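Work through the following exercises with the structure in view, and try each task before you read its solution.

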Amino acid sequence: MKQEELEGYRLSPQQQRLWRLRQHSRAFRSQCVLMVRGPLRTEALEAALGRLVQRHEILRTAFRQLPGMELPLQVITDGGPVRLRHLDLSGCPAADRQRRAEEYVREERERPFDYERGQVLRAGLVRLAAADHLLVVSLPALCADVRTLQNLTREVWRQYEAVTAGGEDAAAGLSEVVQYVQYSEWQHELLASEEGAEGRQYWREQETWQEGLAAPRLALEGDGRVGESAEYELGEVRRELGAEVLGQVERVAERQQSSAEAVLLACWQSLLWRVGGAEEFAVRVAFDGRKYEDLYESFGLFTKHISTRSSFLKDTSLDDLLRRVDESFGSAYEWQEYYAPGPTDGLGGGGDVVGYEYASWDGDQHHGQLSVACAELYSCTERQKLKLSCLRQGAGLRLQFYYDPQTYGRAGVERLAEEYVTLLAGAVAEPEQAVGRLAVVGGHERQQLLVEWNETGREYPRDKCIHQLFEEQVERTPEAVAVLSEDEQATYRELNERANQLAHHLRSVGVGPEVVVGVCLDRSVEMVAAVLGVLKAGGAYLPLDPEYPAERLRFMLEDAGARVVLTQEALTGLWGGSGGAVAAENPAVEVSGGNLAYVIYTSGSTGKPKGVMVEHRSGVNLWAALKRAIYEGLGEPGRVSLNAPLSFDASVKQLLQLLSGRCVCLIPEGARREPEALLRHLSEHSVEVLDTTPSQLRQVLAADARGRLPGVVLVGGEAIDEALAARMRECGGSRFYNVYGPTECTVDATVGAVGGRGTEGGTESSTEGSTESRAESGGVIGRPIANVQVYVLDAHQQLVPVGVSGEIYIGGGGLARGYLNRPELTAERFVPHPYSRDEGARLYRTGDVGRYKASGEIEYLGRVDGQVKVRGYRIELGEIEAALSGHAGVEQSVVVAREDVPGQKRLVAYLVTESSDAVNIGDVRQFLREKLPDYMVPSAFVILPALPLTRRGKVDRAALPPPEQVESGADIVAPRTPAEELLANLY
Ligand code: AMP
Ligand code: MG
């Protein structure tokens, strides 16, 4: 048997890495396209290219492998003549010409190379007109990097001039070059040698230092091409910048004794910080690998992509960054020949490998009668998910954003490009400004975020009051059933009469506009009449839950200055007693849309609940907006539930259905606590719309709910997790709406349909890029309802880009008047509207974290503070902690909402006591029960010797142990049955 033999050189370290990558992709190519104007002699051009191939071995190198060899050897061949591949487009219509030329260029780039043969240089000539040609030179990235292309274009015209001048070989005039295999061998020796030890040590240190440093994470939605297909492709988005910006870039560079390359990189890092969120991350910067003059003219793959660290502080400026970039640049440049790219490092997992490359190109060159300009420069020598490639050409700057379409969508990268341009312009105009304060969102994106997605203005009866609209409805359908409870029902006429009767009475005891009246009633027809009665008297109702501790009720009454309280006895006296005259007359009271309609208390972080004041106008807007967003499209359902207690504002949107002639069905307390009973109740009474929380719905869907839920289910008050969203999608027969909004913005600010229907997925649909799934998703909360605006802003109240998370701010018709008797708190949370020209316009800072999706829908992501939702209840952990601190034996306390079992959130209090026997947990629990509503009393108490601290000395909440794992001192309320769980429950 004949022994096969192969003689050649090993691959360079860069080639080794690329060889492995290359197998999966046609992207790893280098290509330049030159626009050549003037009388071109094609045979002279072919000869010139042939001479280049002779001069540079790498242009006639074959890559050959024997069976069993993992990597090929470089075998230098004799090389053959270069033949131009011609395409004549001069006869084409102008419109076609460009497109066909582009197709040709791309095809030339991607066509497979025959590595075995060693014909690696491929040249094509596109004739656009008699004296206009495109010269297209394509090479595998294994043989050429950006500098190679630049050298090549310089040299080829020298040869061309020599050929046309006399035919003598112009290489005579050129010095010997270092051939690529010489470089490659030198690299290998250096990396293995004694003398290289120091350099290798440098990179080892860098590596440890950078270990765990993620690449930036970008939330650019994909095009739906998820999943790692073997093929690596590149998409490209491009922007051209004019001389003006480039001039500014250069001035900044000069002033800082830096370079345009560094300025553009610093801005790239800044953008990645702003859109990626991480303060520290790595970017792979291309270094040209030609530190030594000997290598300047060599051809081959010298470029190394070296991971560089970026770190940002709140007030980092471009100037600061430049100093740092230059420093790290300087040393990376110094040590670059000792850098050996790992064979596969940075290719899997861990963030998105983001790169940066810079090249500069002279403007037009002139060679005899020819003028030559660079039309395209492409070089992909590393696998990256995203790369900014800056090409400076004469007085202009081309930005090329290359991206992996399996990860990112074109639209997202287009936005990113726009953002880069916006940020760059701001940064070079104000290099001493903190980059965190520079605008990132501009142009079309700004228009979308400020205008298009918030163009919600619609007419509504803004001067009418809730009860007036109700009275109009009474006129229309007096005999229709308005309220239905287990043992009673009332028609619109009857309800109106009862409410009138109460209103007249309230008028007689001095109730009028801006007067707060407490309503402390069980869920009943009376309760609904009482609310309407208060409004009709001109007053504002204050719901008081009869179950709350007396101390809390007293505080609310005093704080609200409510002198009248409607209780069961009071009403029995009024309605049951004398059989009183029927009050058909609506009281005539001067009250308008700007008057107070209700005050609802919510948990307060400083220890006291706060009363949110909502005006009629906001309630009326909610009614009109929900009609548009939900009811109109649904054949106007007749029966809706009232499931939420009056003390939670979700009840408001259901009560408002009385303005549309619907029948409000009061869900009995028993049914609220037991999923099966609830389902039975709903179907017995043919309820068509159910209001609920995710917590309650989760329990209901765990029962056999298929086909038994009403046709419309409004789910709100807390985040919908993916598991619940999935269950909703599976549950046929109902449409689910995710409704979102704080009490301060009148119940609902946004609405989104969950699941099923096209793009309006309740949570992540699988068609989005993998980056999307990284953020914890709390469901898509849809779009702002009529007359409501939603903005996602950063700490400086600047717009954050689409896909980037920030704090949700809400403006428009739903805004509450503020917090009762709390002007400072009101000013803190209701801030001047930074983007409105309307005088006095305000935004409410929700403390919620969210982001806009490219579709214009908003996604909920969490909270910025210690406000939590447990079983639908809004709780400030600080309020519980403040209450605990009032207990004499408690020295320190932290309360957290834990979800040790998925879907089961509970409050856990961690206490440090004055001495080990100072405190009896039973006492503490009782102590809290007297101060707080039941749902705010933690279900577990843990006594710790000390609270765990972070390195910065703050309480490390994440390090608090699950109560079940604490050996002593934990006191856990026995795990609740699902029914008991609900008992404690809901809203
Ligand atoms: P409340 O004032 O009781 O309505 O509570 C408002 C807070 O509950 C919001 O600021 C959110 O944190 C949360 N919330 C309300 N609705 C939703 C929802 N649909 N998805 C996620 N969180 C919600
Ligand atoms: Mg709400």
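The exercises below treat two sheets, one helix and one side chain.

The model is predicted, so that local features need pLDDT of at least 70 and side-chain atom pairs count only at pLDDT 80 or more, while totals for chains, interfaces and linings use all residues. Residues are numbered from 1 along each chain as its sequence is written, chains are lettered from A and ligands numbered from 1 in the order in which they are written, and side-chain values use heavy atoms, with hydrogens and water left out.

**Exercise 1.** Find the order of the strands in the open sheet that contains S7, and name its edge strands.

*Solution.* Begin with the terms: strands are DSSP runs (E, at least two residues), numbered from the N terminus, and two strands pair if DSSP finds at least two bridges between them. The 6 strands of this open sheet follow the order S7-S14-S13-S10-S8-S9, with mixed pairing. Strand S7 (235-241) and strand S9 (304-311) are the edge strands, as each pairs on one side only. Inside the sheet, strand S8 (residues 280-287) and strand S10 (residues 354-361) pair in the parallel sense over 2 bridges, and Arg284 stands opposite Gly355 in S10.

**Exercise 2.** Which side chains make polar contacts with the side chain of Arg239?

*Solution.* First locate Arg239, which has its place in strand S7. A polar contact is a pair of N or O atoms within 3.5 Å; within protein, one must be able to donate a hydrogen and the other to accept it, and residues adjacent in sequence count only if both atoms are side-chain atoms. By this rule the side chain of Arg239 is joined to that of Glu414 at 3.1 Å, and it also makes a polar contact with the side chain of Glu418 at 3.3 Å.

**Exercise 3.** Check the span of helix H9 and find where its buried residues lie.

*Solution.* The expected span is 1.5 Å times one less than the number of residues; a helix here is a DSSP run (H or I, at least four residues). For the 18 residues of H9 (residues 318-335) this gives 26 Å, which agrees with the 25 Å between the end C-alpha atoms. The buried residues (under 20% relative accessible area, 1.4 Å probe, protein chains only) are Leu318, Asp319, Leu321, Leu322, Val325, Phe329 and Ala332. Because they cover an arc of only 150° around the axis, they lie on the same side of H9, the arc being that of the directions from the helix axis to the C-beta atoms.

**Exercise 4.** Which strands stand at the edges of the open sheet that contains S12?

*Solution.* The order of the 6 strands is S4-S5-S6-S1-S12-S11, with mixed pairing. Strand S4 (85-88) and strand S11 (365-367) stand at the edges, so one side of each is left without a neighbour in the sheet. S11 pairs with strand S12 (residues 370-379) in the antiparallel sense over 3 bridges.

Note on methods. Buried < 20%, exposed > 50% of the residue type's maximum accessible area, 1.4 Å probe, protein only.
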